[in-house]
Amino acid sequence: MAARAIELVSNGVPATFSFTDETFLVDSTLPHSAVRLALCACSGLPSESQLQVPLNSVIWADADGGKVRVHLLAKKHGRHTLVKVSGAAQDGGASALQEWAHALRDAAYAGVNQKRYFLVLVNPHGGPGKAVSVFREKVEPILRAAQCMYECQFTEYHQHATKIASEIPLDKYDAVICISGDGLVHEIFNGFSQHREPMKAFRIPIAVVPAGSGNGTCMNILGPGVDRDIGAATLNAIKGRSMPVDLCSILQDGKRSFSSMSQCVGLMAELDLGTEHLRWMGSKRFFYGFLRGLITHKLYHFSLSVKPIETDKMKMIESVRASRESSPAQRFEARSKEVPEDGAPLPPLRYASSDHSDGWITFVDPILFIYAGKGPYVSKDVMEFPVSLPSDGAIDIVIQPSVTRSDMYAGMSGAERGEPFWLPSAKYIKASAYRLKPLIPHGHLAIDGERFPFTEYLAEVHQGLGALLSMHGTYLADDFSLNPPAKKSSR
Ligand SMILES: Nc1ncnc2c1ncn2[C@@H]1O[C@H](COP(=O)(O)OP(=O)(O)OP(=O)(O)O)[C@@H](O)[C@H]1O
């Protein structure tokens, strides 16, 4: 598209407002203009007299009384920050201004609804306990600037979000925003599963604004470096599209629940659940837990039966390569969800019987940990499942047998880039289901970071059952190299 420009006067000085398919630009040749002041507050801009942002960062534009208003998110100190620019026409032309602002808004919202209606759930107890100020000071002003409507609820107790989601009105909200860690995402999906119309509830997408300790979902959706960017997370809620994601049924002691992220036992469960009293440390508590595990070097005994889909790592790499090479539009199209019928029940469990003779593999050797999940990152510093795709119908499983302390430490190096994937000692399997049975009396089982009873359970994947809002139509794990690092040999 050729640039569509209008000449305005912003705080007494001339400025050109223009946009293309890709960018929005305010250009003022004169110093000391209001535009320049807004610009100077933003780092990384081409020059002091220009404000240039991706078109997608424009969240509102309108014109009234001969004046144009544009609201956008520009990067300030590396974070997306709300900026409001305005300008007046020099000589009339109110209808031209309105037409221009309309066109800008339509271009900035191409393919997505304007003025979304959100249910916002805030966990005042998530992570370092800052979710309320994150909402009031950062998220709310951006939602208002984008003319979005919302209802906000502060969660008052453990599993309050499950109750709220289980009663959510259908066809009212465009999405649920949770200002929390991963725990609330888990609770909302479980609430949807308990809804009188579960399959319709599961169509409501979730957007996460980071305010927990792990925030793995934000890492997967926003990508490293952006995962703590409240502005970017709010922009994703305003502009993201519904991306179907696989969920897992967990069947334990006859009770069915749902997991959207991970299940782990052994060292990786101890470093999460065993450090809950250290929540104030934020994500550093996981590192502390790992060091403790390194020193004690404890092994754990389980029986693990897996229904594999893929065990060849190079084939997994090929799937990731194909996903990276596709465009966001192709990815969203490939993942669009069917509309469920009225009264459609939850998907049935195919593997609930414990007869695992047909194509299942069983492991019983002592292990350091077993980690299964969806989404590459399980926390800011650990990309446990680098080849995980949002709705490939597979759960990724890592089985880490006993290794020496030095190999254990070496194995964790490069964990933020998914390098342990290439370690010869660990097994990596994509599966449609697995059954895990503890062979020891006591231990920790963490499911989506929450504590579960330490007893046998079945996990079974449901392709594309849930939905997260995303700008990209895939998880962001570009830091993972599709070639093994020089020092680690391929398994
Ligand atoms: N008002 C409340 N009082 C006590 N606990 C609450 C309250 N609201 C929510 N919770 C619980 O807080 C727990 C942690 O939630 P959340 O995931 O937001 O933070 P986190 O665990 O610090 O982050 P992460 O899961 O990313 O590590 C959840 O189990 C949730 O049920």
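Visitor: Where in helix 3 does the kink lie?
Guide: This is a predicted model, where local features need pLDDT of at least 70 and side-chain atom pairs count only at pLDDT 80 or more, while totals for chains, interfaces and linings use all residues. Residues are numbered from 1 along each chain as its sequence is written. Helices are DSSP runs of H or I with at least four residues, strands are runs of E with at least two, and both are numbered from the N terminus. Look shortly before proline 141: the kink, about 40 degrees (the angle between axes fitted to the seven residues ending at a residue and the seven starting there), lies at valine 139.

Visitor: What distance does helix 3 reach from its first C-alpha to its last?
Guide: Helix 3 covers residues 131-145, which is 15 residues. The expected span is 1.5 Å times one less than the number of residues, and that gives 21 Å here. The model comes close to that, at 20 Å.

Visitor: Is proline 141 buried, exposed or partly exposed?
Guide: Proline 141 sits in helix 3. We count other C-beta atoms (placed from the backbone) within 10 Å: 20 or more is buried, 12 or fewer is exposed, and anything in between is partly exposed. Proline 141 has 15 of them, so it is partly exposed.

Visitor: Which residues in helix 3 are buried, then?
Guide: Valine 139, where the kink lies, is one of them. The full list is Ala131, Val134, Phe135, Lys138, Val139, Ile142 and Leu143.

Visitor: Which residues of helix 3 does isoleucine 179 touch?
Guide: Ile179 is among the residues with the most contacts inside the largest nonpolar core, a group of 130 residues. Such a core is a set of buried Ala, Val, Leu, Ile, Met, Phe, Trp, Tyr and Cys residues joined through C-beta atoms within 7 Å. A contact likewise needs C-beta atoms, placed from the backbone, within 7 Å. Leaving aside neighbours within four places in sequence, the contacts of isoleucine 179 include Val120, Val209 and, from helix 3, Ala131, Val134, Phe135 and Val139.

Visitor: Is isoleucine 397 buried or exposed?
Guide: Isoleucine 397 lies in strand 20, residues 395-401. Beyond its neighbours within four places in sequence, its contacts include Val306, Ile370 and Tyr434. With 23 other C-beta atoms within 10 Å, isoleucine 397 is buried.

Visitor: Which strand gives the most to the side of domain 1 that touches domain 2?
Guide: The domain bounds, from an automatic or database domain assignment, put domain 1 at 4-108 and domain 2 at 114-239. Their contact takes 12 residues from each of these domains. Strand 5, strand 6 and strand 7 each give two or more residues to the domain 1 side. With five residues, the one that gives the most is strand 7.

Visitor: What is phi of histidine 77 near?
Guide: Histidine 77 lies in the loop between strand 6 and strand 7. With 9 other C-beta atoms within 10 Å, histidine 77 is exposed. Its phi is positive in a residue other than glycine, near 50 degrees.

Visitor: What is the positive phi of aspartate 171?
Guide: Aspartate 171 is in the loop between helix 4 and strand 10. Aspartate 171 is exposed too, with 7 other C-beta atoms within 10 Å. Although it is not a glycine, its phi is about 60 degrees.

Definitions and conventions:
Two residues are in contact if their C-beta atoms, placed from the backbone, lie within 7 Å.
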